[in-house]
There are 2 protein chains.
Amino acid sequence: MFTFSEENYLKAIYHLELDSDKVISTNSIAKKLETKASSVTDMIQKLSEKEVVVYKKYQGVTLTDFGRKTAANIVRKHRLWEVFLVEKLNFSWDEVHDVAEQLEHIKSPKLIDQIDAFLGFPTHDPHGDPIPDKEGNLKTIEKSLLSTLSKNESGICVGVNDSSSEFLKFLDKKGVTLGKQITVLEKEDFDASLLIEIDNNKLSVSNKIASNLYIQRQ
Amino acid sequence: MFTFSEENYLKAIYHLELDSDKVISTNSIAKKLETKASSVTDMIQKLSEKEVVVYKKYQGVTLTDFGRKTAANIVRKHRLWEVFLVEKLNFSWDEVHDVAEQLEHIKSPKLIDQIDAFLGFPTHDPHGDPIPDKEGNLKTIEKSLLSTLSKNESGICVGVNDSSSEFLKFLDKKGVTLGKQITVLEKEDFDASLLIEIDNNKLSVSNKIASNLYIQRQ
DNA sequence: TTAAATTTTTAGACTTAACTAAAAATATAT
DNA sequence: ATATATTTTTAGTTAAGTCTAAAAATTTAA
Ligand SMILES: [Mn+2]
Ligand SMILES: [Mn+2]
Ligand SMILES: [Mn+2]
Ligand SMILES: [Mn+2]
């Protein structure tokens with residue numbers, strides 16, 4: 001079994017590997033966990049002892065298969081709990097992350113299996129992120145940042161890149177939620193902002209917004 | 001905020017106070033938490049600093065109002081989670097305690113309020129124990145140990161004194177569950193065993209069983 | 001009421017997971 | 001290729017929570 005701290009390190013390394021497929025540096029882990037590089041070195045050495053990461057001094061770290069599966073399982077729990085909170089307990093998508101950060105560490109295989117079944121085996125969490133299966137596999141859907149769409153292209157809003165509470169609340173205010181159809185009406189060269197159509201309304205979105213919204217092209 | 005360890009100490013003291021209404025000794029806490037008296041002294045001093053207990057060297061400990069409310073809230077969470085696991089996730093009453101021991105430490109007022117509402121504001125947990133309200137008050141129902149009933153008395157099974165998995169599984173096997181009507185047909189002087197009627201069946205129960213089952217007389 | 005037994009506290013040590021500061025290794029730039 | 005900058009590791013502290021062993025206080029028994 002792993003401590004909370006070990007689980008958080010595993011999850012951080014897992015996420016870093018997913019969006020870089022390179023060896024993960026001490027510093028990048030420190031940045032992600034808002035801790036010091038020296039603390040990371042300590043923990044990495046322990047995780048290496050426990051055979052969840054492969055580590056050579058100064059060479060960064062990679063997850064072993066066992067480590068990756070362990071990490072995926074934590075992410076699985078995190079995302080299933082987020083679905084539960086939204087679907088069953090009337091949480092909004094900007095409120096669930098912090099609670100899920102706690103709930104993901106609860107140790108009970110039966111509990112998470114039952115939550116999964118209770119929710120009807122969801123495949124994605126409230127932010128559009130895929131839920132790893134029990135073996136740790138996740139099927140990613142084809143999705144593109146809104147900022148990469150051309151004029152007149154359209155698609156369905158399927159996820160967010162930034163899932164901070166601020167961004168999510170902003171989207172709520174603008175009426176942008178997952179599942180909505182979006183069409184790019186204009187692209188401004190000047191500031192890379194977009195004029196989009198959503199719910200038969202025109203909405204102007206900055207490049208910052210557009211580079212944090214995932215669209216499934218159609 | 002309190003650490004897991006502090007919360008467990010608070011809960012232990014709370015339970016000890018409930019079934020003794022005396023000042024609580026260092027040793028009794030150590031026994032309940034399966035730890036050493038010296039560790040208890042350390043922790044008690046910290047809890048005293050935090051003003052959740054009143055402590056004078058060698059004089060034992062009592063909860064302050066704030067401490068009692070804090071402890072009751074942990075028990076509230078524990079029991080609501082137990083109800084959730086049984087009612088919504090198909091756990092049996094002998095499986096829920098260990099998971100609830102973890103879940104009771106999750107910090108999110110909204111979460112527990114929503115669970116409470118989702119469950120329809122239950123008043124008792126799967127073992128018949130009362131669920132403290134948000135102010136920490138618990139209303140206890142009139143109940144007696146089965147062993148205290150006389151011949152020909154009857155009542156409803158409303159709780160267990162021992163909620164170990166072994167005892168609960170044993171009760172399941174014998175068909176004894178909360179809500180069932182029980183009538184005492186015979187009391188044996190020799191070994192204090194009882195012959196009871198339940199579901200139109202006769203069942204012989206030892207004194208050990210009878211002193212761990214709560215009955216609401218009728 | 002003194003002695004023995006029990007309970008409780010203190011002192012000192014250990015583990016985990018942080019931190020800072022300094023040393024060592026690696027990467028980058030001249 | 002050498003100097004500089006950056007990254008990473010090591011060494012040494014700290015705090016929380018536990019432990020054992022010993023001292024102190026309290027309770028019980030003679
Ligand atoms: Mn999240
Ligand atoms: Mn999410
Ligand atoms: Mn319980
Ligand atoms: Mn219970």
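This note comments on the metal sites, the symmetry, one sheet and several salt bridges of the structure above.

1. Basis of the model. The model is predicted: local features need pLDDT of at least 70, side-chain atom pairs count only at pLDDT 80 or more, and totals for chains, interfaces and linings use all residues. Residues are numbered from 1 along each chain as its sequence is written, chains are lettered from A and ligands numbered from 1 in the order in which they are written, and side-chain values use heavy atoms, with hydrogens and water left out.

2. The manganese ion (ligand 1). Its protein donors are A:H78 through NE2, A:E82 through OE and A:H97 through ND1, at 2.0 to 2.2 Å from the ion. Donors are N, O and S atoms within 2.8 Å of the metal (3.2 Å for Na, K and Ca); because water is not among the atoms, sites may look incomplete. Along the chain, the donors of ligand 1 show the spacing H-x3-E-x14-H. The short step in this pattern can be followed in helix 4 (residues 65–89) of chain A: A:H78 and A:E82 are four residues apart there, so about one helical turn separates them. Helices (H or I, at least four residues) and strands (E, at least two) are DSSP runs, numbered from the N terminus. A:H78 is buried, with a relative accessible area of 7%, and A:E82 is buried as well, at 1%. Here, buried means under 20% relative accessible area, exposed over 50%, and partly exposed in between (1.4 Å probe, protein chains only).

3. The manganese ion (ligand 2). This ion is coordinated by A:E82 (OE), A:D125 (OD) and A:H127 (ND1), at 2.1 to 2.3 Å. The donors of ligand 2 have the spacing E-x42-D-x1-H along the chain. A:E82 and A:H127 link distant parts of the chain: A:E82 belongs to helix 4 of chain A, while A:H127 lies in the loop between helix 6 (109–118) and strand 3 (144–145) of chain A, 45 residues apart. A:H127 counts as buried, at 3% relative accessibility. Which residue coordinates both manganese ions? It is A:E82, and the two ions, ligand 1 and ligand 2, are 3.4 Å apart.

4. Relation of the two chains. Two copies of a chain are related by a rotation about an axis and a shift along it. In this model, a turn of 180 degrees and a shift of 0.0 Å along the axis lay chain A on chain B with an RMSD of 0.1 Å. The two copies are thus related as by a two-fold rotation axis. The superposition is by least squares on the C-alpha atoms of residues with pLDDT of at least 70 in both copies. Of the residues of chain A, A:L103 comes closest to the axis, its C-alpha being at 3.9 Å. Because 100% of the interface residues of chain A are also interface residues in chain B, the copies meet through the same surface; contact means heavy atoms within 4.5 Å.

5. A sheet in chain B. Six strands form an open sheet in the order 3-8-4-5-6-7, with antiparallel pairing. Strand 3 (144–145) and strand 7 (201–205) of chain B stand at the edges with a single partner strand each, so one side of each has no neighbour in the sheet. Two strands pair if DSSP finds at least two bridges between them. Strand 5 (residues 181–187) and strand 6 (residues 194–198) of chain B pair in the antiparallel sense over five bridges. The partner of B:T183 in strand 6 is B:E197.

6. Salt bridges between distant parts of chain A. A salt bridge is a side-chain nitrogen of Lys or Arg within 4 Å of a carboxyl oxygen of Asp or Glu, and the count over all chains is 28. A:E7 and A:K107 form one at 3.2 Å, N to O. A:E7 is in helix 1 (residues 4–18) of chain A and A:K107 in the loop between helix 5 (96–103) and helix 6, 100 residues apart. A:E7 is buried at 5% relative accessibility, whereas A:K107 is partly exposed at 26%. A:E104 and A:K11 form another salt bridge, at 3.0 Å, N to O. This pair joins the loop between helix 5 and helix 6 of chain A, which holds A:E104, to helix 1, which holds A:K11, 93 residues apart. Both A:E104 and A:K11 are buried.

7. A salt bridge within one helix. Is B:D65, the partner of B:R68, buried or exposed? B:D65 is exposed, with a relative accessible area of 63%, while B:R68 is partly exposed at 33%. The closest N and O atoms of this salt bridge are 3.3 Å apart. B:D65 and B:R68 both lie in helix 4 (residues 65–89) of chain B, three residues apart, about one turn of the helix.
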